[in-house]
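Visitor: May I ask for a close look at a single part of this model, with the surroundings described from that part outward? Please state the cut-off behind each term where the term is brought in.

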Amino acid sequence: MLAKSARLTESADFARATKSGLRFSTQNFVGYLYPTNLHQPARAGLIISKNVGGSVTRHRIARKARHAIRDVYSQLPTGGLLVVRALNSANEADVAEEITKIVGQLLKKLSEKADQK
């Protein structure tokens with residue numbers, strides 16, 4: 001479980017990350033990373049709609065995703081906003097592997113963007 005200070009709770013933060021952040025998708029998830037200049041800890045949130053499945057399925061995927069995010073949380077940039085959205089086809093297999101891949105690719109894109117400046 002993530003600490004309360006590490007969770008995204010404001011809808012404006014979700015919107016900022018999904019509309020203006022870097023994006024990377026896999027077969028089951030889409031990840032967004034919005035770097036900010038704030039000197040706060042990074043924050044992360046999940047979006048899992050009813051299209052993914054029933055309540056039990058959504059909660060199982062959310063639980064696995066939260067644990068995967070916790071494992072890669074230390075790699076996120078200070079002040080960064082990470083949002084992971086489960087797609088309609090999301091299944092419960094390899095959630096941790098896909099989220100690790102998403103965060104790795106987003107961080108790679110962020111460093112490439114910083115190198116261009």
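Guide: The account that follows starts from helix 3 and then turns to the elements around it. Residues are numbered from 1 along each chain as its sequence is written. The model is predicted, so local features need pLDDT of at least 70 and side-chain atom pairs count only at pLDDT 80 or more, while totals for chains, interfaces and linings use all residues; side-chain values use heavy atoms, with hydrogens and water left out.

Helix 3 covers residues 95-116. Helices (H or I, at least four residues) and strands (E, at least two) are DSSP runs, numbered from the N terminus. With 22 residues, helix 3 reaches 32 Å from its first C-alpha to its last, close to the 32 Å expected at 1.5 Å a residue; the expected span of a helix is 1.5 Å times one less than its number of residues.

The buried residues of helix 3 are Val-95, Glu-98, Ile-99, Ile-102, Val-103, Leu-106, Leu-107 and Leu-110. They lie on the same side of helix 3 because they cover an arc of only 165° around the axis, the arc being that of the directions from the helix axis to the C-beta atoms. Buried means under 20% relative accessible area, exposed over 50%, and partly exposed in between (1.4 Å probe, protein chains only). An α-helix has 3.6 residues a turn, so residues three or four places apart point the same way. The face turned away from the buried side of helix 3 carries the exposed residues Glu-97, Asp-115 and Gln-116.

The buried residues of helix 3 pack against strand 1 (22-25), strand 2 (29-34), helix 2 (55-72) and strand 4 (81-86), where contact means heavy atoms within 4.5 Å. Among these partners, strand 2 is largely enclosed by the rest of the structure, because five of its six residues are buried. Strand 4 is likewise largely enclosed, since five of its six residues are buried.

The strands are also joined to one another. Two strands pair if DSSP finds at least two bridges between them. Strand 1 and strand 2 pair in the antiparallel sense over four bridges and form a hairpin with three residues between them; Phe-24 stands opposite Gly-31 in strand 2. Strand 2 and strand 4 are antiparallel too, over six bridges, with Val-30 opposite Arg-85 and Leu-33 opposite Leu-82. Strand 3 pairs with strand 4 in the parallel sense over five bridges, and Arg-85 in strand 4 is the bridge partner of Ile-47.

One link to helix 3 comes from the loop between strand 1 and strand 2, where Thr-26 has its place. Thr-26 counts as buried because its relative accessibility is 14%. A polar contact of 2.4 Å joins its side chain to that of Glu-98. Such a contact is a pair of N or O atoms within 3.5 Å; within protein, one must be able to donate a hydrogen and the other to accept it, and residues adjacent in sequence count only if both atoms are side-chain atoms. Not counting residues up to four places away in sequence, Thr-26 touches Leu-87, Glu-98, Lys-101 and Ile-102.

The buried side of helix 3 also bears on the nonpolar interior. A nonpolar core is a set of buried Ala, Val, Leu, Ile, Met, Phe, Trp, Tyr and Cys residues joined through side-chain atoms within 4.5 Å. The largest such core has 26 residues, and those with the most contacts inside it are Phe-29, Leu-33, Ile-69, Leu-82, Ile-99, Val-103 and Leu-106. Strand 1, strand 2, helix 2, strand 4 and helix 3 each give two or more residues to this core, and its largest share, seven residues, comes from helix 3. Leaving aside residues up to four places away in sequence, Phe-29 touches residues including Val-95, Glu-98 and Ile-102, as well as Phe-24 and Ile-61.

Helix 2 packs against helix 3 with its own buried residues, which also meet strand 2, strand 3 (43-47) and strand 4. Those buried residues are Arg-58, Ile-61, Ala-62, Ala-65, Ala-68, Ile-69 and Val-72. They cover an arc of only 130° around the axis, which puts them on the same side of helix 2. On the other side of helix 2, Val-56 and Asp-71 are exposed.
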